[in-house]
Amino acid sequence: MSALLDGVYEGSMTMKELARHGDFGLGTFDELDGELIAFDGEFYHLRHDGSVNPVHAEEMTPFASVTYFQPETTFTIDRPMSRTDLEALIDGLLPSENLFYALRMDGQFEQVVTRTVTKQKRPYPTLVEATKSQPVFTLNQVEGTMAGFRMPAFAQGLSVAGYHLHFVDDDRTGGGHVLDFTLLGGTVQIGQPAELHLHFPETAGFMNADLTGRDVAGEIEIAEGGASR
Ligand SMILES: [Zn+2]
């Protein structure tokens, strides 16, 4: 994630290889060409034009987080809840702030506000620059799935601390990185992966990047729309 903030957007792992590490998660693509969401072993490529396509095996990612999703806690929501309310509810259920959690929500949403990053050209701008003009979509009265993670504060920079969710609608006609939402009703599932396996990209971009002295938390707040807000 720190490298992504620095503009290291060259893909370093294929979807085929990524899928060996999990059936659920999120990420982005080579040259920041859209958002990845995965669940039930299905991996989708969401682009800024609103398109949703199953990924190709050879597509590359510079950053992704995946796990084999094993829900340990499941509950139903039957009243409208804002993102803030739902995050507070989930926080109250977690046994510790210091573990990694995989989260899945399936349901009816009054509104989902998403953004989708757009393909960048060299020389790559930083993530804060690249996301300044990001297309933001508001999906109203939509059914779909959110998949992502809640990560502890110490994971900031490796990944995104706090909540980080991607969304795709049931019709597979839209979605992206979640900025805000109101859930009307649905199911929430929480898994608790016990291990973190970190793959280092051995691209020239990563090897030569200067990843020191960056305000990682501040830039993630701006670029990712306040993932832990
Ligand atoms: Zn995202």
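A residue counts as buried when its relative accessible area is under 20%, and this cut-off is applied below to a predicted model.

**Exercise 1. Determine which residues of the protein bind the zinc ion, and whether His-164 and His-177 are buried or exposed.**

Step 1. The protein donors are NE2 of His-164, NE2 of His-166 and ND1 of His-177, which lie 2.0 to 2.1 Å from the zinc ion.

Step 2. Along the chain these donors follow the spacing H-x1-H-x10-H. Within this set, His-164 belongs to strand 12 (residues 162-169) and His-177 to strand 13 (residues 175-191), so that the pair, 13 residues apart, links distant parts of the chain.

Step 3. With a relative accessibility of 1%, His-177 counts as buried, and His-164, at 5%, counts as buried as well.

**Exercise 2. Describe the surroundings of strand 3 (residues 35-39), stating how its residues point and which strands pair with it.**

Step 1. Five of the five residues of strand 3 are buried, and the strand is therefore largely enclosed by the rest of the structure.

Step 2. In a regular strand the side chains alternate between the two faces of the sheet. In strand 3, Glu-35, Ile-37 and Phe-39 point one way, while Leu-36 and Ala-38 point the other way.

Step 3. Strand 2 (residues 24-28) pairs with strand 3 in the antiparallel sense over four bridges, and one of the bridge partnerships joins Thr-28 to Glu-35. These two strands form a hairpin with six residues between them, where Glu-31 in the turn has a positive phi of about 60°. Leu-32 lies in this same loop between strand 2 and strand 3; its phi, near 65°, is also positive, and at 2% relative accessibility Leu-32 counts as buried.

Step 4. Strand 4 (residues 42-46) pairs with strand 3 in the antiparallel sense over five bridges, with Tyr-44 as the bridge partner of Ile-37. The hairpin formed by strand 3 and strand 4 has two residues between them, and Asp-40 in the turn has a positive phi of about 55°.

**Exercise 3. Identify the residues that touch the most other members of the largest nonpolar core, and then follow the contacts of Phe-109.**

Step 1. The largest nonpolar core holds 22 residues, of which Leu-86, Ile-90, Met-105, Phe-109, Met-146 and Phe-181 touch the most other members.

Step 2. At least two residues of this core come from each of strand 8 (71-77), helix 3 (83-93), strand 10 (101-115), strand 11 (136-151), strand 12 and strand 13.

Step 3. When neighbours within four places in sequence are left aside, the contacts of Phe-109 include Met-146, Phe-167, Phe-181 and Gln-141. Gln-141 lies in strand 11 and has a positive phi, near 45°.

**Exercise 4. State how many cavities of 30 Å³ or more the structure holds, and which residues lie nearest the centre of the largest cavity.**

Step 1. There are two cavities of 30 Å³ or more, and the largest cavity contains about 90 Å³ of space.

Step 2. Its lining is made up of 13 residues, with Leu-4, Thr-28, Glu-35, Arg-115 and Glu-224 nearest the centre. Strand 2 and strand 12 each supply at least two residues of the lining.

**Exercise 5. Locate the cis peptide bond that involves Pro-123.**

Step 1. Most peptide bonds are trans.

Step 2. The bond joining Arg-122 and Pro-123 is cis, with omega about -10°, and Pro-123 lies in the loop between strand 10 and helix 4 (127-130).

Notes:
Residues are numbered from 1 along each chain as its sequence is written. This is a predicted model: local features need pLDDT of at least 70, side-chain atom pairs count only at pLDDT 80 or more; totals for chains, interfaces and linings use all residues. Side-chain values use heavy atoms; hydrogens and water are left out. Donors are N, O and S atoms within 2.8 Å of the metal (3.2 Å for Na, K and Ca); water is not among the atoms, so sites may look incomplete. Buried means under 20% relative accessible area, exposed over 50%, partly exposed in between (1.4 Å probe, protein chains only). A nonpolar core is a set of buried Ala, Val, Leu, Ile, Met, Phe, Trp, Tyr and Cys residues joined through side-chain atoms within 4.5 Å. Contact means heavy atoms within 4.5 Å. Two strands pair if DSSP finds at least two bridges between them. On a 1 Å grid over the protein atoms alone, a cavity is a set of points where a 1.4 Å probe fits but cannot get out, and a pocket is an open set with protein on both sides within 12 Å along at least five of seven lines; lining residues have an atom within 4 Å of a point. Grid points are joined across faces, edges and corners, and a volume is the space filled by probe spheres set on the points.
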